[in-house]
Amino acid sequence: MSKKVLVPIADGSEEIEAVCIIDVLRRAGAEVTVASVGSLQVTASRGVRIVADTLVKESVGRTYDLVALPGGMPGAEHLRDSSALTEILKLQKKEGRLYGAICASPVVVFQHHGLLEGKRATSHPNFSGSLERRDAVDMRVVVDGACVTSRGPGTAIEFALTLVELLFGKEKASEVAGPMVIWDK
């Protein structure tokens with residue numbers, strides 16, 4: 001059974017994180033929709049241009065098994081300021097479905113909108129000092145219920161493989177990781 005995943009992006013999103021999430025989840029067989037909070041073509045944090053499949057506002061009212069946010073600045077701020085994405089994320093949490101963020105987004109988006117309340121989380125070291133709970137800030141990937149957070153570009157593949165494991169199981173995560181020559185979880 002295919003899993004539906006939404007990956008929101010914006011001008012200034014971190015391209016390694018965005019592409020790792022999209023690529024690894026597609027390798028696992030997830031139906032990944034890349035949705036922009038601005039125009040369809042975004043310019044990522046290092047100048048790489050990415051073309052989204054749709055706009056986030058077109059994704060409101062749809063059900064996703066996972067919503068996974070890349071970080072990057074000012075991309076995380078653009079994601080934070082999208083009322084359509086905020087609506088999607090709050091419903092995702094309320095209904096107990098997976099939601100994840102990496103780099104700046106755990107603090108800038110999730111914490112800002114109350115999506116980390118009572119949750120262990122991590123983020124990029126430049127933002128982790130702002131986390132309300134500090135007991136997991138040095139971990140590479142943190143899973144707390146349906147909330148998954150990670151640190152930055154260097155943990156992006158591990159983050160994405162963790163999302164694969166949560167959606168499809170440990171065997172699928174290993175199957176995807178093997179040919180990528182990453183690790184076997």
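Which residue in strand 6 does Val5 stand opposite? The partner is Leu66.

This is a predicted model, where local features need pLDDT of at least 70, side-chain atom pairs count only at pLDDT 80 or more, and totals for chains, interfaces and linings use all residues. Residues are numbered from 1 along each chain as its sequence is written, and side-chain values use heavy atoms, with hydrogens and water left out.

Let's start with strand 1, residues 4-9 (helices, H or I with at least four residues, and strands, E with at least two, are DSSP runs numbered from the N terminus). Five of its six residues are buried, meaning under 20% relative accessible area with a 1.4 Å probe, protein chains only. Strand 1 has these two pairings (strands pair if DSSP finds at least two bridges between them):

| Partner of strand 1 | Sense | Bridges |
|---|---|---|
| Strand 2 (residues 31-36) | parallel | six |
| Strand 6 (residues 66-69) | parallel | two |

On the strand 2 side, Leu6 has Thr33 as its bridge partner. Add helix 1 (residues 15-27) between strands 1 and 2 and you get a right-handed β-α-β unit: with the strands pointing away from the viewer, the path from the first strand over the helix to the second runs clockwise.

Now for Ser36, which sits in strand 2. Ser36 counts as buried because its relative accessibility is 1%. Leaving out residues up to four places away in sequence, Ser36 touches Ile9, Val42, Ala52, Thr54, Leu55 and Val56, where contact means heavy atoms within 4.5 Å. A polar atom of the Ser36 side chain also lies 2.9 Å from the backbone nitrogen of Gly38.

Note on methods: Buried < 20%, exposed > 50% of the residue type's maximum accessible area, 1.4 Å probe, protein only. Polar contact = N/O pair within 3.5 Å; in protein donor to acceptor, adjacent residues only side chain to side chain.
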